[in-house]
Amino acid sequence: MDGGAYGGGKAGAPFDPIAFVQRPQVILRAVCLLFAIIVFGCISSKGYITKEGKEVCLYKEDNNACNYGIGIGVLAFLASIGFLAGEYLFEQMSSVKTRKHFVLIDLGFSGFWSFLYFVGFCYLTNAWNNSANPPGGYGVNNVQAAIAFSFFSIFTWAGCAWFAFQRFKQGTDAAFAPSYEADPVGSTGYTSYPDATDTAYQEPPFGQQQQRGMGDFQAPAY
C-alpha cells in the first residue's frame with residue numbers, strides 16, 4: 001500500500017477508481033455478493049413446490065432448510081454491500097482507531113459467515129440427499145446450484161477474513177515498530193572528556209634518571 005495505517009493508503013489521497021476495483025478485497029467481496037444473490041435467488045425462485053395446497057421446501061420438505069439458505073444469502077448480500085462501501089471509505093478514514101474497528105469487524109464477520117455457509121452447505125446437502133425427486137424435475141438445478149454456491153462461499157468469505165487478518169497484522173506490526181532510526185555512521189567510543197587524547201603512557205623523568213644513574217655505578221676494585 002501507500003504507507004497508511006492497517007494496509008490502507010494515506011488519508012486524503014485522491015480516489016483512484018481503477019486501483020479501487022483492482023484491490024483483492026474489493027474483487028473478493030464482489031464475488032461474495034454474486035454468490036449470495038445466486039444462493040438466495042435459486043432457493044426463493046424454485047426452492048418451493050406446492051403440495052396439498054401449501055408450499056413446501058424441496059429440501060426434504062423442511063422449510064427451515066430453505067429459510068436458512070435464504071437467510072444467510074440475503075444477509076451476506078447486504079453485508080457485502082456494506083463492506084464494499086467501507087472499502088470505498090477506508091482510504092478516507094483519518095483515524096487509526098476507526099480503521100482498526102473496521103478491520104476487526106470485517107475479520108469477525110467474515111470468519112463467522114464462512115462458518116455459517118459451511119453449516120448451510122452441510123445442512124442443505126444432507127436434506128437434499130434424503131429428499132424425493134420432485135415431479136418433472138422441478139427446481140432440481142436451482143437447489144443444486146444453491147448447494148454448490150454455498151460451498152464456494154465458504155472459501156470466498158474465508159478469503160475475506162484472511163485479508164482482514166493481514167490488514168490487522170500490518171497495523172499491529174506498525175504500532176510496535178521502533179520509532180528511532182539507526183545511526184548510519186556507526187557507534188563511536190565513549191569519551192569522558194572532550195579534549196581526551198589517546199596518548200601513550202610516559203614514565204616520570206626522575207624514574208628514568210634514577211635508573212640511568214644506577215646503571216652507571218661500578219664496583220671498586222681492591
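**Cysteines and a nonpolar surface patch**

In this predicted model, C57 and C66 are both buried. These two residues are joined to each other by a disulfide, with a distance of 1.8 Å from S to S, and the total for the structure under the rule applied comes to 1 disulfide. Because the torsion about the S-S bond of C57 and C66 is about 75 degrees, the disulfide is assigned as right-handed. A disulfide is a covalent bond that links the sulfur atoms of two cysteines.

Two further cysteines can be described by their surroundings. For C160, the closest cysteine sulfur belongs to C32 and lies 3.8 Å away, which is too far for a bond, given that a pair of cysteine sulfur atoms is taken as a disulfide within 2.5 Å. C160 has a relative accessible area of 4% and is therefore buried, the class being defined by a value under 20%. C122, by contrast, has a relative accessible area of 36%, so this cysteine is classed as partly exposed.

Turning to the surface, a nonpolar patch is formed by F112, F115, F118 and V119, which together present about 380 Å² of accessible area. Of these residues, F115 is located in helix α4, the element that spans residues 96-129. The relative accessible area of F115 is 48%, and this residue is therefore assigned as partly exposed, since a residue counts as exposed over 50%.

Definitions and conventions:
Residues are numbered from 1 along each chain as its sequence is written. This is a predicted model: local features need pLDDT of at least 70, side-chain atom pairs count only at pLDDT 80 or more; totals for chains, interfaces and linings use all residues. Side-chain values use heavy atoms; hydrogens and water are left out. Buried means under 20% relative accessible area, exposed over 50%, partly exposed in between (1.4 Å probe, protein chains only). Patches are made of residues with over 30% relative accessible area and no salt bridge: like charges are joined within 9 Å, nonpolar side chains (Val, Leu, Ile, Met, Phe, Trp, Tyr) within 5 Å. Accessible areas come from the Shrake-Rupley method with a 1.4 Å probe; for residues, only the protein chains shown count as cover. A salt bridge is a side-chain nitrogen of Lys or Arg within 4 Å of a carboxyl oxygen of Asp or Glu. Helices (H or I, at least four residues) and strands (E, at least two) are DSSP runs, numbered from the N terminus.
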